[in-house]
Amino acid sequence: MSHSFPMIKSLKRLNVIDGLEITAERWKIAHQYHRQRQNIYYQSLHQPGIVHGLGVCVIPPPKDKDVSPQHRNHRWVQIQPGFAIDSFGDLIVVPKAENYYIYSQIKNGISRLIYLVIRYVDPDELKLHNKIEIEETFRIEEQNNPPQAGEIELCRIQLEGEEIVLKSPKNVFEPTANCLDVRYRQQAQTKPLSLISIAVLPGDAEEEQQGLNRLLKSIKGLDSTYEGYQKIRQISTTDYQENNHNYDDVLFLSQQRSQQLSSEHFSFLQSYLNKGGIILTQISTKNTKLEELKIIEHQLLIEIERIENTILTANKRKNESQENSDYLTRMYPILKDELTEIKKSIIIEVDQLSFKIEKLAEKLNISLETWEELSGSHPLKNEPFLFQKLPTINNQSLQLLVGQGLIIIIGDMVSIFSDNQQNLSREIIRNNQELMLNILKFGYDRKQMQQALQKPLENQ
């Protein structure tokens, strides 16, 4: 899934005037214009995928005489009638069921993943000059790589074992070896307004990638106008030089990598920021003094709130014992003072934890602001979800440092999206999902606006 747009190119059409001779070439020009407009429409507003049908099922070997004895085994599948739209806006129509033999072999007993794809075939490529009417057709292929531009995935199969026997999966959500896997078939649909992408540097953030991938998949459920790429992209410092316009919205740096950057990395990061992307990194608070202070702060806040409610209730009812009321009145300022001291200690610990990461901000010439220092109208606090204070994880409030294209999370926010966090409530997960979507949308919007203000191009 990607935002594939047509080339920016003026369309040309036939200028029809009285007396114009209609030749085969001119007829093609007239019809090619309408075809191009249709393709541009599909490419601009729709995602490629299956519109209807094109189911895949395992079948026994056909009894046709044309099938050789060596192919009379359990490697046959049938693609059922249907149609799809590819990434170029071409319509792929399969009018009748098509039988297909899976040729791929296993080498040295190593399991192999194959993709069964279908693509449009332009009749002009077939050079059928002698036919008055020609039929648009297609080609079904198996390959080792995921579908590329112009290809629609029908299914994938993990081939395994000496004698391969294809079969339908017992559980379509967990297909086993040699079973048809249809989990990744894409349905044709309208494009989301914002397709959000996250990238990491090679070998970085291996633990966090699982959580980030799950987050990307959940974006559409949070707000249907946004959608995440299917998975995190790994990019090198040279990737954007080759494809200058296709910057990812967010580059995630692990805490370790952010403290081990070379001069080449800094040059790349500066270029990345200039193009509009944002850099997101996280400082873990696990097993730190800050974690202990946050727990104490949370307990104090709960106790202070309890005392405030008790005193308020006692004043209304006038039936609370004087002794208990005096005790609470004495304890209240003590707890407030202790909370003030704890907050001071937290600020010191945050400064110590973020000292190394703030060196990254200095080298990138970025000044950081805390969440509290951001204006009430800042996009991170408002779009698409409204936040007045940061959510908590395990009774610990997150901290956020923000500066231009750099966002630093102090807390273990990204890790909660991985599947090993089974003890968190639905509310905690949802609150952090919404904050992360605000961060990702901020990155997407920043990139769109920054790239709309790029340097002028030379007239060609």
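This section describes the overall form, strand pairing, salt bridges, surface patch and backbone features of a predicted model.

The chain contains ten helices and 23 strands. Its radius of gyration is 30 Å, well over the 23 Å that the globule rule gives for 460 residues, so the chain is more spread out than a compact globule. The C-alpha trace spans about 105 × 60 × 50 Å along its principal axes. Of the 460 residues, 41% are buried. The accessible surface of the chain amounts to about 27,600 Å², and carbon and sulfur atoms account for 49% of this area. When contacts between residues at least 6 apart in sequence are considered, 72% of them join residues at least 24 apart.

Several strand pairings were examined in the N-terminal numbering range. Strand 3, residues 56–58, pairs with strand 4, residues 76–79, in the antiparallel sense, and three bridges connect the two. Within this pairing C57 is placed opposite Q78 of strand 4. Strand 4 also pairs with strand 7, residues 98–101, again in the antiparallel sense, here over four bridges. In that pairing V77 stands opposite Y100 of strand 7.

An open sheet of seven strands with mixed pairing has the strand order 16-14-17-18-23-22-19. Its edges are formed by strand 16 (233–234) and strand 19 (369–370), each of which pairs on one side only. Strand 16 is joined to strand 14, residues 198–200, by parallel pairing over two bridges. V200 stands opposite Q234 of strand 16 in this arrangement.

A search of the whole structure gives 14 salt bridges. One of them links the side chains of R119 and E141, with an N to O distance of 3.6 Å. R119 belongs to strand 8 (residues 112–121) and E141 to strand 9 (residues 137–143), so this pair ties together parts that are 22 residues apart in sequence. Both partners fall in the partly exposed class: R119 has a relative accessibility of 23%, and E141 has a relative accessible area of 24%.

A second salt bridge is formed by the side chains of E153 and R156, at 2.8 Å from N to O. In this case E153 and R156 are both buried.

A further salt bridge connects R306 with E303, the closest N and O atoms being 2.7 Å apart. These two residues lie in helix 7 (residues 289–317); because they are three residues apart there, about one helical turn separates them. R306 is partly exposed at 41% relative accessibility, and E303 is likewise partly exposed, with a relative accessible area of 27%. Elsewhere, R35, D90 and D122 are joined into one network by salt bridges that share partners.

On the surface, V51, F83, L91 and V93 make a nonpolar patch of about 270 Å². V51 is located in strand 2, which covers residues 49–53. The relative accessible area of V51 is 36%, which places this residue in the partly exposed class. Patch members need over 30% relative accessible area, so a partly exposed residue at the value of V51 can qualify.

Three backbone features were noted in loops. L54 lies in the loop between strand 2 and strand 3. The phi angle of L54 is near 60°, a positive value in a residue other than glycine. With a relative accessibility of 0%, L54 counts as buried, whereas V51 in strand 2 is partly exposed. A positive phi also occurs at Q404, where the angle is near 50° and the residue is again not glycine. Q404 is situated in the loop between strand 22 (399–403) and strand 23 (406–410); strands 22 and 23 are neighbours in the order of the seven-stranded open sheet. The remaining feature is a cis peptide bond between E383 and P384, with omega about -5°. P384 is found in the loop that runs between helix 9 (379–382) and strand 20 (392–393).

Conventions:
Residues are numbered from 1 along each chain as its sequence is written. This is a predicted model: local features need pLDDT of at least 70, side-chain atom pairs count only at pLDDT 80 or more; totals for chains, interfaces and linings use all residues. Side-chain values use heavy atoms; hydrogens and water are left out. Patches are made of residues with over 30% relative accessible area and no salt bridge: like charges are joined within 9 Å, nonpolar side chains (Val, Leu, Ile, Met, Phe, Trp, Tyr) within 5 Å. Accessible areas come from the Shrake-Rupley method with a 1.4 Å probe; for residues, only the protein chains shown count as cover. A salt bridge is a side-chain nitrogen of Lys or Arg within 4 Å of a carboxyl oxygen of Asp or Glu. Buried means under 20% relative accessible area, exposed over 50%, partly exposed in between (1.4 Å probe, protein chains only). Two strands pair if DSSP finds at least two bridges between them. The radius of gyration is taken over C-alpha atoms; the globule rule is 2.2 Å times the number of residues to the power 0.38. Contact means heavy atoms within 4.5 Å.
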